[in-house]
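Hi everyone, thanks for coming. Let me put the model up on the screen, and then we can walk through a few parts of it together.

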Amino acid sequence: MPTPSSRPSSKQPASWAYAEQFVPEDEVLQRARARAAELGVEAVSPGVAATLTVLAAAARARTVVEVGTGTGVSLLSLLRGTGEDGVVTTIDPDGEAQRAAREAVAEDGIRSNRARFINGRALEVLPRLTDATYDLVLLDGDERENSAYLEQAHRLLRAGGLLVVDDALWKGRVTDPAARDASTAAQREVARVVLEDGNWFPTLVPSGDGLLLAVKNG
């Protein structure tokens, strides 16, 4: 039987919506989000965007890898959290979306050399990046490839570096035992590995469609 603190609350949907909109988005982020809608690209939610800025700032991240540029909503959020000397290497095969992201970076007045755009498949690009030199890695690409991304993320992160996996609850399907599609199974597997293999200090945050957070253990 659930304890009083673990019982679902009837106010939970309203509380979630309040949390998602707690930090208002400025016009630059709003335009980046509008471009995502125009191009049919899924952007991180406002709550996740704000969380990414906080995480990057709290981790004092200066070197970041992002898998999945989109139109720049998450990229801007990370760049704002890394400070004036932070650099985000962002990878995406969609050239049109990356052009929109470049526009967002320029609109925000961020120096162009702080955003390193690589157009290509993450599984071809990640192996070319240097071991143990990154403070934060965000996985927001093809969720079906997340297990392979995870191996690369562990290699790329320094000890104490932060892993962030977006859509960790995958449209609410991860908690449904009957949901066995490839995307859901992939997100379940990444969560299982991060939780069980001893290489991470993990937690799961119900922001947006779920954020799996883990600090590299050694």
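Before we look at any residue, one term: buried means under 20% relative accessible area, exposed means over 50%, and partly exposed is in between, with a 1.4 Å probe and protein chains only. Please also keep in mind that this is a predicted model, where local features need pLDDT of at least 70, side-chain atom pairs count only at pLDDT 80 or more, and totals for chains, interfaces and linings use all residues. Residues are numbered from 1 along each chain as its sequence is written, and side-chain values use heavy atoms, with hydrogens and water left out.

Let's start with helix 8, residues 182-196. Helices here are DSSP runs of H or I with at least four residues, strands are runs of E with at least two, and both are numbered from the N terminus. How far apart should the ends of helix 8 be? The expected span is 1.5 Å times one less than the number of residues. For the 15 residues of helix 8 that gives 21 Å, and the end C-alpha atoms are indeed 21 Å apart, so the two agree.

Which residues of helix 8 are buried? They are S183, T184, A186, Q187, V190 and V194. Looking down the axis, these buried residues fall within an arc of 165°, so they line one face of the helix; the arc is taken from the directions from the helix axis to the C-beta atoms. As general background, an α-helix has 3.6 residues a turn, so residues three or four places apart point the same way. On the other side of helix 8, L195 and E196 are exposed. Just after the helix, G198 takes a positive phi of about 80°.

What does the buried face pack against? The buried residues of helix 8 meet helix 7 (146-156), strand 5 (157-166), strand 6 (200-205) and strand 7 (211-216). Contact, by the way, means heavy atoms within 4.5 Å. V194 is a nice example: this residue of helix 8 has a relative accessible area of 0%, so V194 counts as buried. Leaving aside neighbours within four places in sequence, V194 touches L150, L163, W200, P202, L212 and A214.

Now to helix packing. Helix 7 and helix 8 pack at an angle of about 30°, with their axes 9 Å apart. Axes are lines fitted to C-alpha atoms, for helices over the stretch in contact, and angles run from 0 to 180 degrees between N-to-C directions. That makes helix 7 roughly parallel to helix 8; under 35 degrees counts as roughly parallel, over 145 as roughly antiparallel, 65 to 115 as roughly perpendicular, and the rest as oblique. In this contact, N146, S147 and L150 of helix 7 meet Q187, E189, V190, V193 and V194 of helix 8.

Let's move to another pair. The axes of helix 2 (residues 27-39) and helix 5 (residues 95-107) come within 10 Å and cross at roughly 170°, so helix 2 and helix 5 are roughly antiparallel. The contact includes V28 and R31 of helix 2, and E96 and A97 of helix 5.

Two last stops. S74, in helix 4 (residues 73-82), is buried, with a relative accessible area of 4%. T51, in helix 3 (residues 46-58), is partly exposed at 22%. Not counting residues up to four places away in sequence, T51 touches S207 and L211.
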